[in-house]
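Q: Please take a close look at one strand of this protein, and then place that strand in the setting of the chain around it.

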Amino acid sequence: MKSSSAALLAPDLRLPAPSASAVAPKAGNFALWQQQAKNLLNDALLLPPADPALIAAATRLNPAGNTNFEQWRLLLWQPLDLYLYKPAKLRQGAINAVILLHDHGAEFRIGKDKWLPPGLSGQPELVSGWQQKYFDGVAIAELLRAQGYLVLLADAPGFGARGPIQYAEQQQLAANLQAQGVSLAGLMAREDEAAAAFLARQPGVTGIAAVGFSMGGFRAWQLAALSADVNAAVSVSWFNSLQFLREPNNNFSRGQTAFYMIHPGLYRQLDLPDIAALAAPKPLLLLHGEQDPLMPPAQVNMAFQQLKSHYQHCGVTAPELVIAKGQGHRFGDGLQQQMLHWLAQLQLPAAGCSN
């Protein structure tokens, strides 16, 4: 069967120019552009930030005797369960807490469990197989906990304990949210923001990094842009420009997963590197595989140059991009070690941009 044309699948509509364009920062006024663009992002989420009082009223669900794995519930737009994986001793340093943001992978039976030791999951064989395929058999939550990081995890809507939905049911979930004036992407973004706010309230936390793989990589730099509680981000295998992703057979065309990442109307004014740049001056690390078919290095690098340019306008150290030879769409041992080294030596900049 012949595929449909690009004009049909990725149409460019003749639309009036946005009333308040924030497409490009004006020279010498990056801070103004950044604030305008943040306003656009917040409006496009279609939900307000979670009420801080609801985050403060989180309830612990599991017995207090389980000292290193705690389950907490936030009563937000719908109940959101958060899981704290606690080290024996909290490390000292600029960053000592990590929020892990899981991927999509068309595997809804597990979400947060993709990061955890298989023994902590009700589906240990499924988790173990997933980690062998994508993480070289490593439970990354345990890798971080062993280094003294406080780790927070949660299931995204439809995954794990919040599902599991079937692949085709993503459309129904997204459509029913849209009928209420909400987007699936906006709901997930606001929940990630609330989870970071909860983590920031934990005793001894000095700095938080968002770390994500695949769709979780998108979530990581988006959360750094959105949340004042997140100080840095590590994004693995998800960074590109909107133009590339919208082309037929590319990422946004692969089934219904794009519902988790499309904010209605926002991309008329901001490209994905623009959104990531809203995190400036926070440090960002982008880790990619040279053989990743979903995020080809040439296109990743083009988008990265746009992000780097924004950081230069901010007057701070540019984000870092690592392209790992021999790696595909995965978060293998070599990239894990890059992450650990980067987090351990991180020095956080002063707040705000210099120009």
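A: In strand β5, Leu-150 is the bridge partner of Ala-97, and Ala-97 belongs to strand β4, which covers residues 97-101. Strand β4 is the part examined here, in what is a predicted model. The pairing between Ala-97 and Leu-150 belongs to a set of three bridges that join β4 to β5 (residues 150-154), with the two strands running parallel. Strand β4 is also joined to strand β6 (residues 208-213), here by five bridges and again in a parallel arrangement. In that second pairing, Leu-101 of β4 stands opposite Gly-212 of β6.

The burial of β4 can be followed residue by residue. In a regular strand, side chains alternate between the two faces of the sheet. In β4 both faces are covered, since Ala-97, Ile-99 and Leu-101 are buried on one side, while Val-98 and Leu-100 are buried on the other. Because five of the five residues of β4 are buried, the strand is largely enclosed by the rest of the structure. Buried is meant here as a relative accessible area under 20%.

The loops that follow the two partner strands hold some backbone details that deserve attention. Between β5 and α6 (169-179) lies a loop that contains Pro-164, and the peptide bond leading from Gly-163 into Pro-164 is cis, with omega near -5 degrees. Between β6 and α8 (215-226) lies a loop that contains Ser-214, a residue that has a positive phi of about 55 degrees although it is not a glycine. Ser-214 is also buried, with a relative accessible area of 11%.

Comparable backbone details are found in other loops of the chain. Ser-237, in the loop between β7 (232-236) and α9 (242-246), has a phi near 70 degrees, which is a positive value in a residue other than glycine; at 0% relative accessibility, Ser-237 counts as buried. A cis peptide bond also joins Ala-280 and Pro-281, with omega at about 15 degrees, and Pro-281 is placed in the loop between α10 (272-277) and β8 (284-289).

A helix offers a useful counterpart to the strand. In helix α12, the buried residues are Leu-335, Gln-336, Met-339, Leu-340, Trp-342 and Leu-343. These residues cover an arc of only 165 degrees around the axis, which puts them on the same side of α12. An α-helix has 3.6 residues a turn, so residues three or four places apart point the same way. The length of α12 can be checked as well: at 1.5 Å a residue, its 12 residues (333-344) should span 16 Å, and the end C-alpha atoms are 16 Å apart, which agrees.

The wider setting is a chain with 12 helices and nine strands, in which buried residues make up 54% of the 355 residues. A compact globule with 355 residues would have a radius of gyration near 20 Å, and the chain has 19 Å, which agrees. Along its principal axes, the C-alpha trace spans about 60 × 55 × 45 Å. Of the contacts with a separation of 6 or more, 74% are between residues 24 or more positions apart. The accessible surface of the chain comes to about 15300 Å², of which 52% belongs to carbon and sulfur atoms.

Key. Residues numbered from 1 in each chain as written. Predicted model: local features only at pLDDT ≥ 70, side-chain atom pairs only at ≥ 80, totals over all residues. Heavy atoms only, no water. Helix = DSSP H or I, 4+ residues; strand = E, 2+ residues; numbered from the N terminus. Expected span 1.5 Å × (residues − 1). Buried < 20%, exposed > 50% of the residue type's maximum accessible area, 1.4 Å probe, protein only. Arc of directions from axis to C-beta. Pairing = 2+ DSSP bridges. Rg over C-alpha atoms; globule rule 2.2 N^0.38 Å. Contact = heavy atoms within 4.5 Å. Areas by Shrake-Rupley, 256 points an atom, 1.4 Å probe, with all protein chains shown as cover.
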